[in-house]
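User: I'm new to this one and I'd like a close look at a single part of it. Could you walk me through the main pocket, and then show me a few local details worth finding on screen?

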Amino acid sequence: MTENEQHMSLLEASSRVAILGGGLMGRLLALALARRGHAIDLYDAQGPAGEGAAARVAAAMLAPLAESAITEPGVVRMGQHGLRRWPELLAQLNAPVFHQQNGTLILWHRQDRGDAQRFFGVLEKNRRINPGLPAMQTLDGAELQACEPALQNRFTQGVYLPGEGQLDNRQLLAALAGTLEQMGVKLHWSRPRELSDFAPGTAGQPDFVFDCRGLGARSQWKQLRGIRGEVVRVHAPEVTLQRPTRLIHPRYPIYIAPKQDHLFVIGATEIESDDMSPASVRSTLELLSAAYTVHPGFAEARIVEIATQCRPTLPDNLPAVRLLAPRVMEVNGLYRHGFMISPAMLDVVLELIDSGDSALAREFDVAVHRAPALAAH
Ligand SMILES: Cc1cc2nc3c(=O)[nH]c(=O)nc-3n(C[C@H](O)[C@H](O)[C@H](O)COP(=O)(O)OP(=O)(O)OC[C@H]3O[C@@H](n4cnc5c(N)ncnc54)[C@H](O)[C@@H]3O)c2cc1C
């Protein structure tokens, strides 16, 4: 590191760091900073299982090509970065986390053919913009049968998106909490905090504060809003699917994400609302009926959980970093892509910490806002 770069580093060696929010982003950041030798205090309003986190309810699919239908190219590039980075991050944990990179299968019913055509048209266009994305493969009945034998000829065609992945979000949250504890990170569960509780850089205070509270940060990042998602978890011993399967649906993409031991996450609704009340009958019926049309073995599945959470979202539906003060950084707006893009956001934040600048932020079109007093620097 040159003297100049050292000068611009936002964190001295062995700094004391407070992280607010121990959901997905906060835990990943705590891990990276603890590995660099900083002393971390992590505060979360709720418990270690992620009870207050969107990350606990999510399906944790890592699907940049599929998501390219509904998001910006920068987010897609972050997703590609994430697919490369997750194996390295998981290798840093002290417990195994189910992680798969076996592609995504897309199916549709006859009545949704028009929507499917539109969807694939957008995917094709996005692949022309970003040739690094794998080519989607159209499967006829026999190829589909070979790809996913459990479908037993119920669909006559499908589309396979190679290389896409998923992981087990709850195993990840547990493994992160366990690893952080083992590394000596001070974990303060059930301790809600506001930025105003800290005066970083003054005596007896942390040197730096990161705010990763998702929707919990709305008190000072007013543009944040919630986008409600409902998800059903079922145990279906009669169903074996090799990979996440998406069903084209007129209102929102429905997916079935198979985790270990015949556990399936079926989701997710997408409703402009920060209502966190329990799932509606209509949403539950839609999700379960969709799964049942993909595989009748879901009829005898047992409903393990029906959960609701809200995705932390900024007005442009894109993530952003804000440097609020010289020693306060916020990372938020991960919306419906937190698992897909958090490794990229982490690397952006680490670059900003190291040099006050981030080439990756430019590559990924991540907005880095600086408070006016800081922008001059
Ligand atoms: C239904 C659903 C499905 C999803 N599916 C996917 C998917 O398939 N793929 C994907 O990539 N992403 C998915 N996501 C998105 C992903 O879950 C989020 O983008 C991600 O969890 C955001 O991470 P975060 O750390 O910013 O926020 P969160 O994970 O919500 O964590 C925020 C944390 O801050 C804590 N907190 C709040 N207030 C305070 C306070 N005052 N003090 C201290 N702590 C506080 C909360 O308790 C929580 O633990 C899904 C989300 C939902 C809701």
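Analyst: What follows starts with the pocket and then moves on to some local details.

Keep in mind that this is a predicted model. Let's begin with the space itself. The largest pocket has a volume of about 970 Å³, and 50 residues line it. If you want to centre your view, go for A53, A54, A55, C310 and P312, which lie nearest the middle of the pocket.

Which elements supply the lining? Those giving two or more residues to it are α2 (24–35), α3 (54–57), β11 (225–235), β15 (302–313), β17 (328–332) and α10 (338–355). Of the elements, β15 gives the most, with four residues. As for the chemistry of the walls, the lining has 28 nonpolar residues, 13 polar ones and nine charged ones.

Where does this pocket sit in the overall fold? It lies between two domains, because both of them give residues to its lining. Domain 1 is made of three stretches, 3–56, 169–223 and 315–375, while domain 2 is made of 104–162 and 225–313.

Now for the aromatic side chains. The structure holds five aromatic pairs. One of them brings together F119 and F120: their ring centres are 5.5 Å apart and their planes meet at 75°, so this pair counts as edge-to-face. Are these two buried or exposed? F119 has a relative accessibility of 16%, so it counts as buried, and F120 is buried too, at 8%. Add W108 and you have a cluster, as W108, F119 and F120 form one aromatic group.

Another pair to look for is F264 with F298. Here the ring centres are 5.1 Å apart and the planes are at 85°, so this is an edge-to-face pair. The pair links distant parts of the chain, with the two positions 34 residues apart: F264 is in strand β14 (residues 263–267), and F298 is in the loop between α9 (281–294) and β15. F264 counts as buried because its relative accessibility is 2%, and F298 counts as buried at 9%.

There is also a ring with a charge over it. The charged end of R322 sits over the ring of W221, 4.3 Å from the ring's centre.

Finally, have a look at the backbone. Which peptide bond is cis? The one from G267 to A268 is, with omega near -25°. A268 is found in the loop between β14 and α9.

Two residues are worth a click for their phi angles. S190 is not a glycine, yet it has a positive phi of about 55°. You'll find S190 in the loop between β9 (186–188) and β10 (208–211), and its relative accessibility of 45% is why it counts as partly exposed. D261, also not a glycine, has a positive phi of about 55°. D261 is in the loop between β13 (254–258) and β14, and at 64% relative accessibility it counts as exposed.

Conventions
Residues are numbered from 1 along each chain as its sequence is written. This is a predicted model: local features need pLDDT of at least 70, side-chain atom pairs count only at pLDDT 80 or more; totals for chains, interfaces and linings use all residues. Side-chain values use heavy atoms; hydrogens and water are left out. On a 1 Å grid over the protein atoms alone, a cavity is a set of points where a 1.4 Å probe fits but cannot get out, and a pocket is an open set with protein on both sides within 12 Å along at least five of seven lines; lining residues have an atom within 4 Å of a point. Grid points are joined across faces, edges and corners, and a volume is the space filled by probe spheres set on the points. Ala, Val, Leu, Ile, Met, Phe, Trp, Tyr, Cys and Pro count as nonpolar, Asp, Glu, Lys and Arg as charged, and the others, Gly among them, as polar. Domain bounds come from an automatic or database domain assignment. Rings of Phe, Tyr and Trp (its six-membered ring) pair if their centres lie within 6.5 Å; planes under 30 degrees apart count as stacked, over 60 as edge-to-face and the rest as tilted. Buried means under 20% relative accessible area, exposed over 50%, partly exposed in between (1.4 Å probe, protein chains only). A charge sits over a ring if NZ of Lys or CZ of Arg is within 6 Å of the ring centre and within 35 degrees of the ring normal.
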